[in-house]
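Grab a pencil and get the model up on your screen. These exercises are about charged side chains that pair up.

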Amino acid sequence: MKTVRQEKIIELIRQYEIDTQEELAQKLNEAGFKVTQATVSRDIRALKMTKVTGPGGKSRYAILPEPEPQASDLGDKYARVLKEAVISMDAGQNLVVIHTIPGMAMGAGAALDALKWPEILGCIAGDDTILCAARTSAQARHVLEKLEEILGGTPRE
């Protein structure tokens, strides 16, 4: 019942410019939902509704969309993981071998995978070593360069 009621609230605030809890409770009661102002208040919090200024300057309830995590924010998180974990790295042919602090390879490998670099086919991580496969030796060197940039010039082996 709660989910249905909350879906109706969303429908109502999109259809009408509702600016008070009492007005919302009245619209819900008219729609067949027997609610109190306290129930409406809880639903407003649960739906993360806020008041916004509508056309003509009148305030009304609205549900603001959840902000999408920015790609740069996620990239920064993955970069921090890599900076904390990586000790050294080197490339041979189309493979990049990355040595990490013991126990950190899986987390660093997951961070590399999450960056979705097109040069990386995939990573295999153990306890303290990551084997990162690229398509070509040139792409492996490019991965190494990108990692050095993120890490601030971590020395190669």
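Below are three exercises, each with a worked solution.

This is a predicted model, where local features need pLDDT of at least 70, side-chain atom pairs count only at pLDDT 80 or more, and totals for chains, interfaces and linings use all residues. Residues are numbered from 1 along each chain as its sequence is written, and side-chain values use heavy atoms, with hydrogens and water left out.

**Exercise 1.** Find how many salt bridges there are, then work out where R5 and D43 lie.

*Solution.* Start with the rule: a salt bridge is a side-chain nitrogen of Lys or Arg within 4 Å of a carboxyl oxygen of Asp or Glu. That gives 3 salt bridges. In the one between R5 and D43, the closest N and O atoms are 2.5 Å apart. R5 sits in helix 1 (residues 2–15) and D43 in helix 3 (residues 37–46), so the pair ties together parts 38 residues apart in sequence. Helices here are DSSP runs of H or I, at least four residues, and strands are runs of E, at least two, numbered from the N terminus.

**Exercise 2.** Are R5 and D43 buried or exposed?

*Solution.* Check the cut-offs: buried means under 20% relative accessible area, exposed over 50%, partly exposed in between (1.4 Å probe, protein chains only). Both R5 and D43 come out buried.

**Exercise 3.** Place K146 and E119, and sort each by accessibility.

*Solution.* First, the contact: K146 and E119 form a salt bridge, closest N and O atoms 3.2 Å apart. Next, the location: K146 is in helix 6 (residues 137–151), while E119 is in the loop between helix 5 (105–115) and strand 5 (120–125), 27 residues apart. Last, accessibility: K146, at 21%, counts as partly exposed, and E119, at 9%, counts as buried.
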